[in-house]
Amino acid sequence: MTPPAYEQDVTYMRRALALAVRGTGWVSPNPLVGCVIVRGGEIVGEGYHQRFGGPHAEVYALQQAGERARGADLYVNLEPCCHQGKTPPCVEAIVQAGVRRVVVALRDPNPLVNGGGLARLQAAGIAVTLGVCAEEARRLNEAFVKYITTRRPFVILKSAITLDGKIATRTGASRWITGEAARLEAHRLRHAADALMVGIGTVLADDPQLTTRLPDTRGVNPLRVIVDSRLRLPLAAQVAQVSAERRTLVATTAAATVEKQQQLQAQGVEVVRLPADATGRVDLDALLDHLGSRGLASLLVEGGATLSAALLRRRLVDKVLFFVAPKLIGGDGLSAIGPCGVETLAQALPLRDLRARQVGADLLLEAYVDVPPLRAEERSGTEERQAYAVQHH
């Protein structure tokens with residue numbers, strides 16, 4: 001039988017996790033953190049990290065609790081920080097408040113913390129419990145964990161498909177495969193992402209806005225990233241119309257003309273030239289390194305089939321999200337993912353932790369790609385095979 005004390009810890013930690021979610025879209029590249037302070041079986045203070053550069057969750061909770069924090073238990077889904085950043089270290093505020101016990105879901109993988117906060121609390125005589133709801137906490141901050149340990153964004157490949165895996169008819173018609181509820185969920189994903197990436201083929205075919213459109217209009221627009229090796233982006237395209245709230249970055253190569261680059265830049269579009277791979281397309285490893293250097297912790301990829309396949313071939317996707325509509329198009333429709341070089345079932349990319357939930361009339365399938373990124377020598381071989389395929393197509 002589960003001890004009642006542990007059940008209470010789980011209850012309060014899940015409250016902290018629920019609070020942390022409220023910071024989605026506003027705090028990156030910082031983690032999502034919620035905090036609950038309990039004394040005598042009563043919540044006396046709670047808070048969450050609300051915006052990047054602002055007070056941390058523990059500060060809000062301690063302020064609300066005031067003197068009632070003395071002798072209380074504090075629940076937080078990520079190890080309290082012990083270093084001076086944009087705000088003072090939270091562990092010192094906890095120590096000064098007289099908290100008697102701290103319950104933590106997940107150790108902070110940030111090298112500046114990584115156990116240091118827990119050690120400081122224990123040195124001050126505060127009891128520490130680690131690992132309550134750890135898996136839930138890890139999923140909540142999976143983008144932060146990937147970014148802080150690799151300096152690359154967490155890559156989510158999202159697609160809306162029919163039950164037979166098509167994203168459009170043979171004529172390119174794709175509006176709308178999924179229903180209104182699924183489309184609303186897709187905009188929530190955009191709000192949560194630091195950057196939203198598509199290939200130039202998607203822009204030329206659909207002229208999308210790639211903005212966040214939520215009913216309350218408070219959604220954040222991610223940085224729009226267009227992979228365009230030869231700068232074919234039309235100046236009149238919707239993604240080429242920029243403002244402080246609608247920014248666009250075009251990743252290109254040396255094959256692009258300086259004149260077109262200057263025209264786009266004159267409209268406020270940022271253009272970055274990156275190395276090309278063996279196929280002449282933008283080197284996606286270099287692109288992820290560049291995005292990581294800008295502090296972008298999460299990247300939502302919305303297509304199309306060519307870009308999706310390229311990312312999967314390079315093993316650069318961390319998670320896949322497929323909104324599956326109860327419709328059939330048939331073999332002449334356009335597939336969600338282009339050729340990935342899979343010739344035997346043993347070469348198929350395995351997925352793990354598959355989950356499903358209903359979103360309106362559609363089904364959302366979510367899973368993690370269960371293969372490590374390719375080493376440099378493996379990437380080279382993949383590029384050479386892809387270049388051969390392109391040249392002999």
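Here is a short chat about reading a few features of this structure.

Q: What kind of model is this, and how are its residues numbered?
A: It's a predicted model, where local features need pLDDT of at least 70, side-chain atom pairs count only at pLDDT 80 or more, and totals for chains, interfaces and linings use all residues. Residues are numbered from 1 along each chain as its sequence is written, and side-chain values use heavy atoms, with hydrogens and water left out.

Q: Which residues of the largest nonpolar core touch the most other members?
A: General idea first: a nonpolar core is a set of buried Ala, Val, Leu, Ile, Met, Phe, Trp, Tyr and Cys residues joined through side-chain atoms within 4.5 Å. Buried means under 20% relative accessible area, exposed means over 50%, and partly exposed is in between (1.4 Å probe, protein chains only). Here the largest core has 40 residues, and M13, I37, L62, L74, I94, V99 and V102 touch the most other members. Helix α1 (residues 4-21) gives the most to this core, with 6 residues. Helices (H or I, at least four residues) and strands (E, at least two) are DSSP runs, numbered from the N terminus. There's also a second, separate core of 32 residues, with L157, L223, L312 and L316 among them.

Q: What is V99 in contact with, leaving aside neighbours within four places in sequence?
A: Contact means heavy atoms within 4.5 Å. By that measure, V99 meets L62, A69, G71, A72, L74, I94 and I126, once those neighbours within four places are set aside.

Q: How many disulfides are there?
A: A disulfide is a covalent bond between the sulfur atoms of two cysteines. The rule asks for a pair of cysteine sulfur atoms within 2.5 Å, and the count here is 0. Take C35: the nearest cysteine sulfur, that of C90, is 8.5 Å away. C81 has its closest cysteine sulfur in C90 as well, but at 3.7 Å that's too far for a bond. C81 counts as buried, at 7% relative accessibility, and C35 is buried too, at 0%.

Q: How many salt bridges are there?
A: Side chains of opposite charge can pair when their charged atoms come close. For a salt bridge, a side-chain nitrogen of Lys or Arg must be within 4 Å of a carboxyl oxygen of Asp or Glu. The count comes to 25. In one of them, R139 pairs with D353, with the closest N and O atoms 2.5 Å apart. R139 is in helix α5 (residues 134-140) and D353 in strand β15 (residues 351-359), so the pair ties together parts that are 214 residues apart in sequence. Another joins E366 to K319 at 3.0 Å, linking strand β16 (residues 362-369) to strand β13, 47 residues apart. Both E366 and K319 are buried.

Q: Which residues are linked in a network of salt bridges?
A: That would be R139, E142, K319, D353, R355 and E366.

Q: Where is D228 found, and what does its side chain reach?
A: D228 is in the loop between β9 (223-227) and β10 (248-252). It's buried yet has no salt bridge, as the nearest side chain of opposite charge, R232, is 4.5 Å away. Lys and Arg count as positive and Asp and Glu as negative, while His and the chain ends are not counted. The side chain of D228 does reach the backbone nitrogen of L233, at 2.9 Å.

Note on methods: A polar contact is a pair of N or O atoms within 3.5 Å; within protein, one must be able to donate a hydrogen and the other to accept it, and residues adjacent in sequence count only if both atoms are side-chain atoms.
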